[in-house]
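Visitor: I should like to take a close look at a single part of this protein, namely its salt bridges. Please begin with the protein as a whole and then lead me to that part.

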Amino acid sequence: QVQLAESGGGSVQPGGSLRLSCAASGFTFSSYAMSWYRQAPGKERELVASIAGGGANTNYADSVKGRFTISRDNAKNTVYLQMISLKPEDTAVYYCNVVRWIAGIRYTSWGQGTQVTVSS
């Protein structure tokens, strides 16, 4: 059973930093790309960043480029999101995500989310 457990959220002032973690279990972690999404109140969930299974390839939403860094430790089955220069518009619930294709069927798994609040 796939489990994704986010941690590291909190409240920070604008310009502050946070590092989110997502501990994964129940699948071969290094074989799959991992993603961070976020959902602000009244808005749709949006992709923030993704990282390939080996960690070499990453991509980011334009709104976070240069401020957020996604990384992973395959030995620890954990993916991270380092966030710096946080802005009030980064306030959202952040979710860890993995999509697996098995025998032609798409399986999408989400964590429970961790709240990030950026406010003065």
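Guide: About 6300 Å² of the protein is exposed in this predicted model, and carbon and sulfur atoms supply 46% of that area. Of the 120 residues, 42% are buried. The C-alpha trace spans about 50 × 30 × 25 Å along its principal axes.

The protein has 11 strands and 0 helices. Its radius of gyration is 14 Å, close to the 14 Å that the globule rule gives for 120 residues, so the protein is as compact as a globular protein of that length. Among the contacts with a separation of 6 or more, 52% are between residues 24 or more positions apart.

Some of the strands form an open sheet of 4 strands, with the order β1-β3-β8-β7 and antiparallel pairing. The edges are held by β1 (3-7) and β7 (68-73); each has a single partner strand, so one side of each is left without a neighbour in the sheet. From one strand to the next, the twist averages 15°. In general, the strands of a sheet pair through backbone hydrogen bonds, either parallel or antiparallel. Here β1 and β3 (residues 18-25) run antiparallel and are joined by 5 bridges; one example is Ala5, whose bridge partner in β3 is Ala23.

We now come to the part that you asked about. A search of the whole structure finds 4 salt bridges. A network of salt bridges links Arg38, Glu46, Arg67 and Asp90.

Consider Arg38 within this network. Arg38 forms a salt bridge with Glu46, and their closest N and O atoms are 2.6 Å apart. The two residues can be described by their relative accessible area: Arg38 has 6%, under the 20% limit, and is therefore buried. Glu46 has 34%, which lies between 20% and 50%, so Glu46 is partly exposed.

Arg38 also forms a salt bridge with Asp90, where the closest N and O atoms are 2.9 Å apart. This pair links distant parts of the chain: Arg38 lies in strand β4 (residues 34-39), while Asp90 lies in the loop between β8 (78-83) and β9 (92-102), 52 residues apart. Both Arg38 and Asp90 are buried.

Another salt bridge brings together the side chains of Lys65 and Asp62, at 3.1 Å from N to O. Asp62 has a relative accessible area of 66%, which is over 50%, so Asp62 is exposed, whereas Arg38 and Asp90 are buried.

Methods. Residues are numbered from 1 along each chain as its sequence is written. This is a predicted model: local features need pLDDT of at least 70, side-chain atom pairs count only at pLDDT 80 or more; totals for chains, interfaces and linings use all residues. Side-chain values use heavy atoms; hydrogens and water are left out. Two strands pair if DSSP finds at least two bridges between them. Helices (H or I, at least four residues) and strands (E, at least two) are DSSP runs, numbered from the N terminus. Axes are lines fitted to C-alpha atoms, for helices over the stretch in contact, and angles run from 0 to 180 degrees between N-to-C directions. The radius of gyration is taken over C-alpha atoms; the globule rule is 2.2 Å times the number of residues to the power 0.38. Buried means under 20% relative accessible area, exposed over 50%, partly exposed in between (1.4 Å probe, protein chains only). Contact means heavy atoms within 4.5 Å. Accessible areas come from the Shrake-Rupley method with a 1.4 Å probe; for residues, only the protein chains shown count as cover.
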